Amino acid sequence: MNSYAATESEEQQKLRWQVELEFVQCLANPNYLNFLAQRGYFKDQAFINYLKYLQYWKEPEYAKYLMYPMCLYFLDLLQYEHFRREIVNSQCCKFIDDQAILQWQHYTRKRIKMLNAVNGNVNSQLNSTTGSNLDLMDGTQQQSGQLTGQQQATQQQGAQATNALGGSVAGNMQNGTVSSVGGGGGGGTTPQNQMVGQPGQQSQQQQLNGNSSNSSIVPNQSNTGAAMMQKI
């Protein structure tokens with residue numbers, strides 16, 4: 001067949017491929033197999049060899065073109081002489097036909113269930129993925145809100161500390177003393193305090209000077225009176 005295929009033109013090869021495709025798919029019908037058996041085709045060795053040749057359709061590169069995959073199962077059965085002999089019986093053909101119909105119905109229902117299960121799993125995965133993404137977004141927003149609240153609290157504490165320090169410094173300036181910050185020793189007086197104390201010391205000095213001057217004047221008066229008395 002390979003040598004014959006080499007001599008075929010492209011158009012002839014295409015036509016042969018279409019004919020073989022249609023014939024292989026006809027093998028999926030048990031009634032057609034019964035028709036071939038009653039006509040004696042399964043007793044012809046050339047036809048049996050042709051059935052062996054058609055097994056190349058089981059290869060994936062050819063099987064993908066088949067619309068009725070059941071034909072490959074019957075093609076394998078036709079390789080056995082016992083099946084070729086039994087398919088002549090009409091009752092056997094009817095039994096195979098009924099079983100094929102039941103299998104197709106079961107396969108159809110099973111396939112629908114499988115498709116629904118796959119679609120349900122895909123939808124559940126999409127929903128779970130969407131829910132997890134929303135949870136992550138909510139967690140991120142909560143963390144950012146907490147960080148913002150902490151920053152605001154820190155700023156408020158800093159502002160309160162600054163206001164308290166400014167108020168203490170202003171009060172000390174009004175009282176004339178400023179406490180040293182950072183362990184610089186006892187609270188010493190400022191030049192303002194010294195200047196405040198100087199007027200009091202000056203007044204005390206002036207009073208002392210006045211008392212001394214008065215005491216010096218009084219003895220002079222007493223001496224003058226004593227002299228006058230002596231004269232008298």
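Does Asn 89 count as buried, exposed or partly exposed, and what is its relative accessibility? The legends below take up that residue and several others in this predicted model.

**Figure 1. Asn 89, a loop residue in the predicted model.** Asn 89 sits in the loop that links helix 7 to helix 8, the latter covering residues 90–175. Its relative accessibility is 38%, so Asn 89 counts as partly exposed, given that this class lies between the 20% and 50% limits. Look also for Gln 38 in this view: 51 residues separate Gln 38 from Asn 89 along the chain, and their C-alpha atoms are 8.7 Å apart.

**Figure 2. The chain as a whole.** Before we zoom in again, here is the overall picture. The chain has 9 helices and 0 strands, and reading along the sequence gives the pattern α-α-α-α-α-α-α-α-α. Of its 232 residues, 16% are buried. The exposed surface of the chain comes to about 17,900 Å², with 55% of it supplied by carbon and sulfur atoms. Among contacts with a separation of 6 or more, 64% are between residues 24 or more positions apart.

**Figure 3. Helix 2 and what covers it.** Helix 2 runs over residues 10–26, and its 17 residues should span 24 Å at 1.5 Å a residue; the C-alpha atoms at its ends are 25 Å apart, which agrees. The buried residues to pick out in helix 2 are Glu 20, Leu 21, Phe 23, Val 24 and Gln 25. Their cover includes helix 3 (30–38), helix 4 (45–53) and helix 6 (70–77). As a reading aid, an α-helix has 3.6 residues a turn, so residues three or four places apart point the same way.

**Figure 4. Helix 2 crossing helix 4.** Two packed helices are described by the angle between their axes and the distance between the axes. For helix 2 and helix 4, the axes come within 12 Å and cross at roughly 100°. That makes helix 2 roughly perpendicular to helix 4, because angles of 65 to 115 degrees fall in that class. The residues of this contact divide into 5 nonpolar, no polar and 2 charged. On the helix 2 side you will find Arg 16, Glu 20 and Phe 23, which meet Phe 47, Tyr 50, Leu 51 and Tyr 53 of helix 4.

**Figure 5. A closer look at Glu 20.** Glu 20 belongs to helix 2, and with a relative accessible area of 3% it is buried. Leaving aside residues up to four places away in sequence, Glu 20 touches Tyr 50, Tyr 53, Leu 54, Tyr 56 and Trp 57. One of these partners, Leu 54, is 34 residues from Glu 20 in sequence, while the C-alpha to C-alpha distance is 7.7 Å.

**Figure 6. Phe 83 and its contacts.** Where does Phe 83 lie? Phe 83 is part of helix 7, residues 81–86. Its relative accessibility is 12%, so Phe 83 counts as buried, with the limit for that class set at under 20%. Not counting residues up to four places away in sequence, Phe 83 touches Leu 33, Phe 74, Leu 77, Leu 78 and Ile 96. Phe 42 is another residue to locate here: Phe 42 and Phe 83 are 41 residues apart in sequence and 9.9 Å apart in space, C-alpha to C-alpha.

Technical notes
Residues are numbered from 1 along each chain as its sequence is written. This is a predicted model: local features need pLDDT of at least 70, side-chain atom pairs count only at pLDDT 80 or more; totals for chains, interfaces and linings use all residues. Side-chain values use heavy atoms; hydrogens and water are left out. Helices (H or I, at least four residues) and strands (E, at least two) are DSSP runs, numbered from the N terminus. Buried means under 20% relative accessible area, exposed over 50%, partly exposed in between (1.4 Å probe, protein chains only). Contact means heavy atoms within 4.5 Å. Accessible areas come from the Shrake-Rupley method with a 1.4 Å probe; for residues, only the protein chains shown count as cover. The expected span of a helix is 1.5 Å times one less than its number of residues. Axes are lines fitted to C-alpha atoms, for helices over the stretch in contact, and angles run from 0 to 180 degrees between N-to-C directions. Angles under 35 degrees count as roughly parallel, over 145 as roughly antiparallel, 65 to 115 as roughly perpendicular and the rest as oblique. Ala, Val, Leu, Ile, Met, Phe, Trp, Tyr, Cys and Pro count as nonpolar, Asp, Glu, Lys and Arg as charged, and the others, Gly among them, as polar.
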